[in-house]
Every structure is written in C-alpha cells, then in structure tokens.
Amino acid sequence: MSTFAVTRSAFIQAAPQDVFAHVNNFHLWGAWSPWEKLDPAMTKNYSGPESGRGAAYSWEGKKAGAGAMLIEAVTEPASSTDGSGSIDIRLNFLKPFKNENHTLFTFVPEGDGTKVTWTMSGENKTLFSKIFAKVFNMDKMVGKDFESGLASLNEVVTSS
C-alpha cells in the first residue's frame, strides 16, 4: 500500500498554550480552517466534550465534501516538561471518497513564540485512492491549504 504525508510548519508569535487552544476546540476552527472558508454553508455537527480528547466534529458541504474528525490524544503545553504540546486527530473522509487519515498538530516553544507543525498522513488503500495518488500530488494539493490555514491561525491568535 502506498502511504503519504503532508507537513507544513509556521512560526506564530504567541505562547504554545494560546495557539493550542485554537486547534484543540473544533468550535474555533471556523475562524482559521481553509476548508470552512471554502464552503461556509456546510453543515457542521459537534459532539463529545467542547475541546480535548473525545471532542468530535463532522461536516457535509458541496465544496468540502463530508467527513468527521475525532481528537484522540492531547498533550497540553502547560503540562509537558519542555512546554511543547500536541493534538492527535483521526480524520475520516466520507465524500467525495472514503479514506481514514491521521492528523497531528505539534506546538513547540521557539524564542518568543511557537513553531506549529501540521501533518496529515495516511495510506492509499483503495484502487481509486492509489490511482488518485499517482495522478495528483497530495503534498502540492493539500500543502497549499495547510499553509493558508496556518497563516489564518497566525492572524487569529495574534489578533486576540
């Protein structure tokens, strides 16, 4: 099976816990997520706790397709010995095609701010996804969205 990973990083001039808070709560993603801006009329549903482990979010839209995310593990920056943090998310796409991916955000103190890294990885398990991966470069396709999302996250965090 072919695997893929898309990773982008950005420096945000804010404490790790301030950046972390905007990613750890799906209710706040509308302010910075590139896909929510692409399809503002999409239907969104939230379940579980408001933030942190067990928080869940699903969506369905004409442009954004359909899928669901679940926060599976969290390391809060304030609770780690080096001040870094992470959020592990299971990402299930339902439309336009089914696929399960892993998303990881890390928040590492760097000088007077935070290095935020956003990674999505997965396997191309179906024939369709294998063909898709040969025709389209996931890094080029999704990487631009990650860059846009991190830039928006920077604006949201530093303006609040």
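## Helix 1 and its buried face

Start with helix 1, where P16, V19, F20, H22 and V23 are buried. Looking down the axis of helix 1, these buried residues sit within an arc of 160°, so they line one face of the helix. Bear in mind that this is a predicted model, and that goes for everything below.

The residue A15 is found in the loop between strand 1 and helix 1. With a relative accessibility of 28%, A15 counts as partly exposed. The C-alpha atom of A15 is 7.1 Å from that of P109, even though 94 residues separate the two along the chain.

## N24, in the loop after helix 1

N24 belongs to the loop between helix 1 (16-23) and helix 2 (34-38). Is N24 buried or exposed? It's buried: the relative accessible area of N24 is 7%, and under 20% counts as buried.

So what does N24 touch, once neighbours within four places in sequence are set aside? The contacts of N24 are S51, G52, I71, V74 and I87. Of these, I71 and V74 fall within the range of strand 4 (residues 65-75).

## The overall layout

Zooming out, the protein has 4 helices and 7 strands. Reading from the N terminus, the elements go β-α-α-β-β-β-β-β-β-α-α.

Of the protein's 160 residues, 42% count as buried. The accessible surface adds up to about 8500 Å², and carbon and sulfur atoms account for 54% of that. As for contacts between residues at least 6 apart in sequence, 53% of them join residues at least 24 apart.

## Strands 2, 3 and 4

Strand 2 (residues 43-47) and strand 3 run antiparallel and are joined by 5 bridges. Within that pairing, Y46 has Y57 of strand 3 as its bridge partner.

Strand 3 also pairs with strand 4, again in the antiparallel sense, over 6 bridges. Here G61 is matched with G65 in strand 4. The link from strand 3 to strand 4 is a hairpin, made through 3 residues.

## Salt bridges

Side chains of opposite charge can pair when their charged atoms come close. How many salt bridges turn up in a search of the whole structure? The answer is 4, and three of them are described here, beginning with E147 and R8.

In the bridge between E147 and R8, the closest N and O atoms are 2.7 Å apart. This pair links distant parts of the chain: E147 is in helix 4 (residues 138-159), R8 is in strand 1 (residues 2-12), and their positions lie 139 residues apart in sequence. The two ends sit in different accessibility classes: E147 is partly exposed at 43% relative accessibility, while R8 is buried at 17%.

## Two bridges that reach strand 5

E72 forms a salt bridge with R90, and the closest N and O atoms of this pair are 2.8 Å apart. Because E72 is in strand 4 (residues 65-75) and R90 is in strand 5, the pair ties together parts that are 18 residues apart in sequence. Both ends are partly exposed, with relative accessibility at 31% for E72 and 27% for R90.

E60 makes a salt bridge with K95, with 3.2 Å between the closest N and O atoms. Which strands does this one tie together? E60 lies in strand 3 (residues 56-61) and K95 in strand 5 (residues 85-95), so the bridge connects parts that are 35 residues apart in sequence. E60 is partly exposed, its relative accessible area being 43%, and K95 is partly exposed too, at 47%.

## A cis peptide bond at K95

K95 has another feature to look at on screen. The peptide bond joining K95 and P96 is cis, with omega at about 10°. P96 itself is in the loop between strand 5 and strand 6 (99-110). So K95 takes part in the salt bridge with E60 and also in this cis bond, at the end of strand 5 (residues 85-95).

Methods: Residues are numbered from 1 along each chain as its sequence is written. This is a predicted model: local features need pLDDT of at least 70, side-chain atom pairs count only at pLDDT 80 or more; totals for chains, interfaces and linings use all residues. Side-chain values use heavy atoms; hydrogens and water are left out. A salt bridge is a side-chain nitrogen of Lys or Arg within 4 Å of a carboxyl oxygen of Asp or Glu. Buried means under 20% relative accessible area, exposed over 50%, partly exposed in between (1.4 Å probe, protein chains only). Contact means heavy atoms within 4.5 Å. Two strands pair if DSSP finds at least two bridges between them. The arc is that of the directions from the helix axis to the C-beta atoms. Accessible areas come from the Shrake-Rupley method with a 1.4 Å probe; for residues, only the protein chains shown count as cover.
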